[in-house]
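Dear colleague,

I am handing over the structure we spoke about, and below it you will find an account of what came out of going through it. Please read the account with the coordinates open beside you.

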Amino acid sequence: MVSPRLSSSFRFVCAITAVCGWAFQVQGADPAKPQAAKVTELKVEPAALVLTGPRDARRFVVRGKTADGSWLDLTRSAQLKIEGDSARLEAGFVEPVKDGKSAVVIATGGLTASLPVTVQNQGNVVPVSFVRDVMPILAKTGCNAGTCHGGQKGRNGFKLSLRGYDPDFDHDQIVEDIAGRRIDRKEPANSLVVLKPTQGVPHEGKFLFDEKSLYYRLLHQWIAEGCKSDVATTQRVERLESFPQAPVLSDVGQEQQLVVIAYYADGTSRDVTRDAIFASSNENVVSITGDGLMKAIRKGESAVLIRYEGQFAVNQVSVLTPNPGFVWNNPPAFNYIDELVHKKLQKIKVTPSELSGDAEFIRRVYLDLLGVPPTPDEVRAFLADNREPQAKRKELIDKLLERPEYIDFWTLRLADLLQVNRKYLGEKGVWNFREWIHQQVQADRPWSEMAHDLLTGVGGTAQAPESAFWRIAREPGQAVENATHLFLGIRFNCNKCHDHPFERWTQGNYYQLAAYFGQVALKKGLAADEEIVYERRDGGEVSHPKTNVVQKPQFPFTHAGFDPKNATAKTRREALAKWMTAPENPYFAKSMANRLWAYLIGRGIIDPVDDIRAGNPASNPELLDALTADFIKHKFSIKHLLRAIANSRTYQLSIVPTPGNADDVENFARARPRRLTAEQLLDSVRVATGTQNKFPGFPLGYRASQLPDPASGKTGFLEQFGRPIRESPCECERRNEMSLEQAMALVNGTTLSGAVADGNGRLAKLLQAKPDDKKLVEELYLAALCRLPTDEESAKFAGLLSTAKNKQEAAQDILWALLNTSAFLFNR
């Protein structure tokens, strides 16, 4: 065995890096900001206003279209005036005065527009609503936030439900707690509810509003009217809508006002812009004020999350930088994926990279579909095929999807998610469960059917390996968390102890869903490490920890695919499985389509892939919807969707950036390098060096992707490079970052040096054949990087070989150095 010669090897690494140019640098000055563009068209949203009742105030936005198609927010700069005496303008809102018709006349840049306003029902007496008026004040001012009175123990003796999820509790706390001392019905102005936020008495929560504010007037009136609760009679918000939808801010510093409308089941609506709570998912790209004014900070994309009365809405915002010379080059689309990616790129004025070369493509697709790189002979054959790229690539993809390595590699992928681990299943159980997954992948069994069997499995893992899902979870709460995380891409563990702080999921949802698993139990099997999963005939109910009340099974949302009132199911889990795997479930197919996209592209359309929520929206919703529909149409076939993605031009793009897409991450304008997974890396070393893995207890040549669980093949290398421990279904368990420990393992470790110097390996056999130096360099490049060397590389390294005192050591150094380059360590 040859130990690494650091000085020699690093010299080769430096030489290779210099010759091949593997470090990309994109430089360029920021474009100068253009002068204000001339507006050619005005647009007012909404197109008309109807104010119903004395407190119905509405906001609107004015936008101007420029010659290049961009839109500017002119709401604050345009000249506004009211025609008619039925309404007035106040702080950006149109407020009612009396029944009748009015209009807002807008003038800017020589253009005018008119916004019709209808005012009605001004004579009606409308009491202040606890649900619609008071609760939103508590939320907007932060009183019921986790850092204030909504915390687990409240603050200074006053507790509210977190973010207002329990209005009954909040009303009782405000009106009845501490003998009602927070309220003075005779003198509302002396109530602590208004004295504290106005700093009439000391208040840790700082000054929130003054006595002239709308919030003060509403609270004062509510107290004067008797502090009534309308929780049981008032309709809650059904949905939120914001506009303008998906705005594009064409330059840094540009602003855009949002308007938020709440809709109710009875068809009524309400402008809640001043009461809604706004947050930007990326404040480095877009900032937003408390009243919904967005500002572009730098180029990129951000989601604005809007929350009001337990409902959420998301508005995706794009920020561009001036690109006056941009011309869409209309690249070809290989399938529907490219059409939707191109639609988004054209919108944000980004040009996709060129198509990857054949050598780049063959290595990428082998690693993504098989988990191993192609052999030199396979690379040569593909490069020699003179057919047009799309035809021969399509044929190659079809062939790869039928190879045994595909079955092994995608068994590994699913085994990670399903936590195939002897810690939970014992050695026999691990092999049985892994073999069951292998059979499902081999048969391309629909994902929906696999999930159904996993959720409903009974028996032991010897006869019913799918029952391992419950053996791993073992209790209802963990089963809920695993199932929602794995099959829906939702993190339900966040609402186990309280309502989800940022989403609609409640603590009640958690335990109602857990009730579907409440009647499942385990008992000892005949074998020492065997357990039997069975349905209990008695007991097994799940209780809410706060109320100790038994929870009836109930889904957290409904869909058309499964109506629990009319559907029949033998067990609770059967009902759960039908509901969860139905095509109409808005999460099931979407979550797997998103995962498969991420596995091949390197980033989810929703990312992280197992965190689907309103505050983490899709970067390209139309694309994700299309992938989901395709997945459902083809009966949840994983192989079909992988084929569709791999055949897209988007998947086959080069990693070489264009001047405009170097910093693009979310829109898939170019391929992005991805570090090989632990198993891919070790198996790639074996292919490149022509050696075989020697895992204790396994046959010689067993690939890392064939190992059944994390306890198998423990040599240290797989663990160093991030093999997951499979103790949760979270994708975060697999670590694909680079670290100093990994660098030292590659430079000084025995795995690479031993494989390079193996007497039965590729290099030893090549040297025995005594090829000329250029031929030897060509073979090493094909083996390690799956491409031919350039003329410069060939001449450089052939020269180094010809002058070396020991050709064997020089050749080993070249191969060792190639295996330490990013071109080998990353899938590019």
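**Cavities**

The largest cavity has a volume of about 110 Å³. Please keep in mind throughout that this is a predicted model, and that the search behind this value, which covered the whole structure, finds 6 cavities of 30 Å³ or more.

The lining of the largest cavity draws on several stretches of the chain, among them Arg-413, Asp-416 and Leu-417, then Tyr-599, and further along Pro-724, Ser-728, Pro-729, Cys-730, Glu-731, Glu-733 and Arg-734. Helix α11, which spans residues 404-417, gives the most to this lining, with 3 residues. If you are thinking about the chemical character of the walls, the lining residues divide into 5 nonpolar, 1 polar and 5 charged.

**Cysteines**

One of the lining residues, Cys-730, also takes part in a disulfide, in which it is joined to Cys-732 with an S to S distance of 2.3 Å. A search of the whole structure finds 1 disulfide. The link of Cys-730 and Cys-732 is right-handed, with 130 degrees about the S-S bond. The two ends of this link are set in contrasting surroundings: Cys-730 counts as buried because its relative accessibility is 13%, whereas Cys-732, at 56% relative accessibility, counts as exposed.

What, then, keeps the sulfur of Cys-143 from counting as bonded to the closest cysteine sulfur, in Cys-148? The sulfur of Cys-143 is 5.7 Å from that of Cys-148, which is too far for a bond, and because a disulfide is taken here as a pair of cysteine sulfur atoms within 2.5 Å, the pair is not counted as one. Seen from the other side, the closest cysteine sulfur to that of Cys-148 is the one in Cys-143, again at 5.7 Å and too far for a bond. Cys-143 is buried, with a relative accessible area of 17%, and Cys-148 is likewise buried, with a relative accessible area of 17%.

**Two open sheets**

Of the sheets, I would like to describe two. In one of them, 4 strands form an open sheet in the order β2-β10-β9-β6, and the pairing is mixed. The strands β2 (49-52) and β6 (79-83) stand at the edges of this sheet, and because each has a single partner strand, one side of each is left without a neighbour in the sheet. The twist in this sheet averages 20 degrees from one strand to the next. As for the pairing of β2 with strand β10 (residues 111-120), the two run parallel and are joined by 4 bridges; within this pairing, Leu-49 has Val-117 of β10 as its bridge partner.

The other is an open sheet of 3 strands, with the order β13-β18-β17 and antiparallel pairing. Its edge strands are β13 (255-257) and β17 (286-288), each of which pairs on one side only. Here, too, the twist averages 20 degrees from one strand to the next. Strand β13 pairs with strand β18 (residues 293-296) in the antiparallel sense over 3 bridges, and if you want a place to look in the coordinates, Gln-256 stands opposite Met-294 in β18.

With kind regards

Definitions and conventions:
Residues numbered from 1 in each chain as written. Predicted model: local features only at pLDDT ≥ 70, side-chain atom pairs only at ≥ 80, totals over all residues. Heavy atoms only, no water. Pairing = 2+ DSSP bridges. Axes fitted to C-alpha atoms, helices over the stretch in contact; angles between N-to-C directions. 1 Å grid on protein atoms, 1.4 Å probe; cavity = no way out; pocket = protein on both sides within 12 Å on 5 of 7 lines; lining within 4 Å. Points joined across faces, edges and corners; volume = space filled by probe spheres on them. Nonpolar A, V, L, I, M, F, W, Y, C, P; charged D, E, K, R; others polar. Buried < 20%, exposed > 50% of the residue type's maximum accessible area, 1.4 Å probe, protein only.
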